Amino acid sequence: MWQVYPKIPSLQRLPKERRFIHPVGISGAVEEASVSFIIRDFTEEKLHEHEAFLKNIMEKVLEGYPNSKAVFEIHEQYRNMKVILDQYPHVTAYALEAIERAGIPAKQMSIRGGTDGSRLSFMGLPCPNIFAGEHAFHGLF
């Protein structure tokens, strides 16, 4: 049995340095195919730039297939919680104080979103992420 892995024009057009655009699913049959992506970034402006970038790729690919059509859908999942947390600085201050009281030196760093804390923050519960030692959430290990 032979397996053939065709080159997918839309995925070939993704620059390797764009770490915030992740193809996560490809499915298809004779008459229909779909490619799903997750996009992440620190600001809504950058998210919109990534959306426009992907839509442009789709439109360029369609130019080579004049009898084809495509649908470009956006389903918002996460935004960066900093927008909300900046409105409630005491929440982060309390978390930092608790960490320090436990004798652990607190370190602050940026994340892109994609967490429960982000979702909860935009639902009205300001919720900074507190690292608890996890690694490789989305990998085999």
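The side chains of glutamate 97 and arginine 101 form a salt bridge with an N to O distance of 2.6 Å, a salt bridge being a side-chain nitrogen of Lys or Arg within 4 Å of a carboxyl oxygen of Asp or Glu. Both residues belong to helix H4 (residues 89–101) and are four residues apart, about one turn of the helix. Helices (H or I, at least four residues) and strands (E, at least two) are DSSP runs, numbered from the N terminus. Glutamate 97 is partly exposed, at a relative accessible area of 38%, while arginine 101 is exposed, at 69%. In these terms, buried means under 20% relative accessible area, exposed over 50%, and partly exposed in between (1.4 Å probe, protein chains only).

The model is predicted; local features need pLDDT of at least 70, side-chain atom pairs count only at pLDDT 80 or more, and totals for chains, interfaces and linings use all residues. Residues are numbered from 1 along each chain as its sequence is written, and side-chain values use heavy atoms, with hydrogens and water left out.

In total, the structure holds five salt bridges. Among them is the pair of glutamate 44 and arginine 79, in which the closest N and O atoms are 3.3 Å apart. Glutamate 44 lies in helix H2 (residues 44–63) and arginine 79 in the loop between H2 and helix H3 (82–85), so this salt bridge ties together parts that are 35 residues apart in sequence. Arginine 79 also forms a salt bridge with glutamate 76, with the closest N and O atoms 3.0 Å apart. Glu44, Glu76 and Arg79 are thereby linked in a network of salt bridges. Within this network, glutamate 44 is partly exposed at 35% relative accessibility, and arginine 79 is partly exposed at 22%. Glutamate 76, with a relative accessible area of 53%, is exposed.

A search of the whole structure finds one aromatic pair. Phenylalanine 20 and phenylalanine 42 have ring centres 6.2 Å apart and planes at 75°, so the pair is edge-to-face. The pair links distant parts of the chain, 22 residues apart: phenylalanine 20 is in the loop between helix H1 (9–12) and strand S1 (21–28), and phenylalanine 42 is in the loop between strand S2 (33–39) and H2. Rings of Phe, Tyr and Trp (its six-membered ring) pair if their centres lie within 6.5 Å; planes under 30 degrees apart count as stacked, over 60 as edge-to-face and the rest as tilted. Phenylalanine 20 is buried, with a relative accessible area of 15%, whereas phenylalanine 42 is partly exposed at 38%.

The secondary structure of the protein chain consists of five helices and two strands, in the sequence pattern α-β-β-α-α-α-α. Of the 141 residues in the protein chain, 19% are buried. Among contacts with a separation of 6 or more, 54% join residues 24 or more positions apart, where contact means heavy atoms within 4.5 Å. The protein chain exposes about 11,600 Å², of which carbon and sulfur atoms supply 56%; accessible areas come from the Shrake-Rupley method with a 1.4 Å probe, and for residues only the protein chains shown count as cover.

The mean pLDDT of the protein chain is 84, and 88% of its residues reach 70 or more, pLDDT being the predictor's confidence in each residue, from 0 to 100. Among the elements of the protein chain, the lowest mean pLDDT is that of H1 (68) and the highest that of H4 (94). Where pLDDT is low, the predicted coordinates should not be read in detail.
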